[in-house]
Amino acid sequence: MDDENDNIRKEAAVAVIRLLTRIVSNSKQRESSYALLSDVLERLLVLGISDMNADIRATVLSNLDATLDSYLVENPWALNALFVALQDEYFKIRDLAISLLGRLSLLTPADVMPALSRTLIQLLTQLTHSSDSRIKEESIHLLAVLIRHARSSVQTYVKPILETLLPNIDSGQDPKVKREIIITFGELAAIGQENMAEHVPVIMPMLISYLNDQVSVDKREIGLKVLRQLAQHTSHVVDYFGRWPQLWETILDIARTEKVKSVRRLVVSVLGSFGAIDPYTFKSITMQAKLPDGELPVESTHDVQQTVP
């Protein structure tokens, strides 16, 4: 791992991590090699935060799987190294560091959550004061990663996050920024629920626009994933089909015409997330959406609830 050749250092790091993972998985070898494992892991982390080649730093962090988590949380120098990675100049490495620390926060929240909270505040500050679209895009993306992997550390910041994101939803905003905002709204739904519900009307026009995009598979897929997240966590307080009847037609149109299997599977999953619809509401929705009464996608598992006489 000290070789001058970048490729050799990179391949050596991957090989060493695989060997460590294999040793840790064997209880007998793990007990007899604890000191050696700690020393090697320390060298790996030094490489992961200080190598001049960003690709090598990213390779080290991306290959540290959950098998090694117990060693990382037991050694303060390991956590400190990952805290350094949170400030790396390269976006991809910051992304990996947040994901890894979010995973470790489940094992040692007292040690990790303060650093993640500081990172969250830093991201909100950047988003508030920066006029650079790239910085905004990266900050919102990292917010989504932080929410996804460290929900407990974000729980009390739902309102500030929403208050920071909402002003960035306007017609003149960069499309890449809008994309990250939509994804982040979906992640927030799992922890914000009641707070999210009141802001759903703000995000729905963008979401429906994504669902109606006939050119971009990526947009349709993101739209369906976020809609599924919203349905799972806010459909008990938001009447989606009653308030946006066109949403029903849009989902069925995707089911009828979509050629990408992964997207078609998402449609079924979305409908299942909304649960059953009583016959009266179903008829009202189909009439407003100007669809044949009772029509459902062939692959849908979205059952219509039957009333009991």
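Leaving out residues up to four places away in sequence, S117 touches S153 and Y157. This serine sits in helix α8, and this is a predicted model, so keep that in mind throughout. With a relative accessibility of 15%, S117 falls under the 20% cut-off and therefore counts as buried.

**Three serines**

S117 has some company. S99 belongs to helix α7, which covers residues 91–104. Its relative accessible area is 17%, so S99 is buried, given that the cut-off is under 20%. A polar atom of the S99 side chain lies 3.1 Å from the backbone oxygen of D95. Looking past neighbours within four places in sequence, S99 is in contact with V145 and H149.

S209 is in helix α14, residues 200–211. At 46% relative accessibility S209 lies between 20% and 50%, so this serine counts as partly exposed. Its C-alpha atom is separated by 9.8 Å from that of T250, and the two residues are 41 apart along the chain.

Here are the three side by side:

| Residue | Helix | Relative accessibility | Class |
|---|---|---|---|
| S99 | α7 | 17% | buried |
| S117 | α8 | 15% | buried |
| S209 | α14 | 46% | partly exposed |

**Core and packing**

On to the nonpolar interior. The largest nonpolar core holds 95 residues, and the members that touch the most others are L101, L104, I161, L188, L230, Y240 and L247. Take L247 from that group: setting aside neighbours within four places in sequence, L247 is in contact with M204, I208, L211, L227, Y240 and F241.

Helix α6, residues 76–85, has its own buried set: A78, L79, A81, L82, F83 and A85. What covers these buried residues of α6? The cover includes α3 (34–50), α4 (54–62), α5 (69–74), α7 and α8 (109–129). As background, an α-helix has 3.6 residues a turn, so residues three or four places apart point the same way.

**Pockets**

If you're scouting for cavities open to the outside, start with the largest pocket, with a volume of about 230 Å³. Its lining has 16 residues, and R94, L123, Q126, E138 and L142 are the ones nearest its centre. Helices α7, α8 and α9 (133–149) each supply at least two residues of that lining. The biggest contributor is α9, which gives five residues. By chemistry, the lining of the largest pocket splits into six nonpolar, five polar and five charged residues.

The second largest pocket holds about 190 Å³ of space. Three helices give two or more residues to its lining: α9, α12 (175–192) and α15 (217–234). Which element supplies the largest share of the lining of the second largest pocket? That is α15, with five residues. The lining itself is made up of H141, A144, V145, R148, E180, I183, E187, I222, K225, V226, R228 and Q229. Sorted by type, there are five nonpolar, two polar and five charged residues in the lining of the second largest pocket.

One residue links this part back to the serines: V145 lines the second largest pocket and is in contact with S99.

Note on methods
Residues numbered from 1 in each chain as written. Predicted model: local features only at pLDDT ≥ 70, side-chain atom pairs only at ≥ 80, totals over all residues. Heavy atoms only, no water. Core = buried A, V, L, I, M, F, W, Y, C linked by side-chain atoms within 4.5 Å. Buried < 20%, exposed > 50% of the residue type's maximum accessible area, 1.4 Å probe, protein only. Contact = heavy atoms within 4.5 Å. Helix = DSSP H or I, 4+ residues; strand = E, 2+ residues; numbered from the N terminus. Polar contact = N/O pair within 3.5 Å; in protein donor to acceptor, adjacent residues only side chain to side chain. 1 Å grid on protein atoms, 1.4 Å probe; cavity = no way out; pocket = protein on both sides within 12 Å on 5 of 7 lines; lining within 4 Å. Points joined across faces, edges and corners; volume = space filled by probe spheres on them. Nonpolar A, V, L, I, M, F, W, Y, C, P; charged D, E, K, R; others polar.
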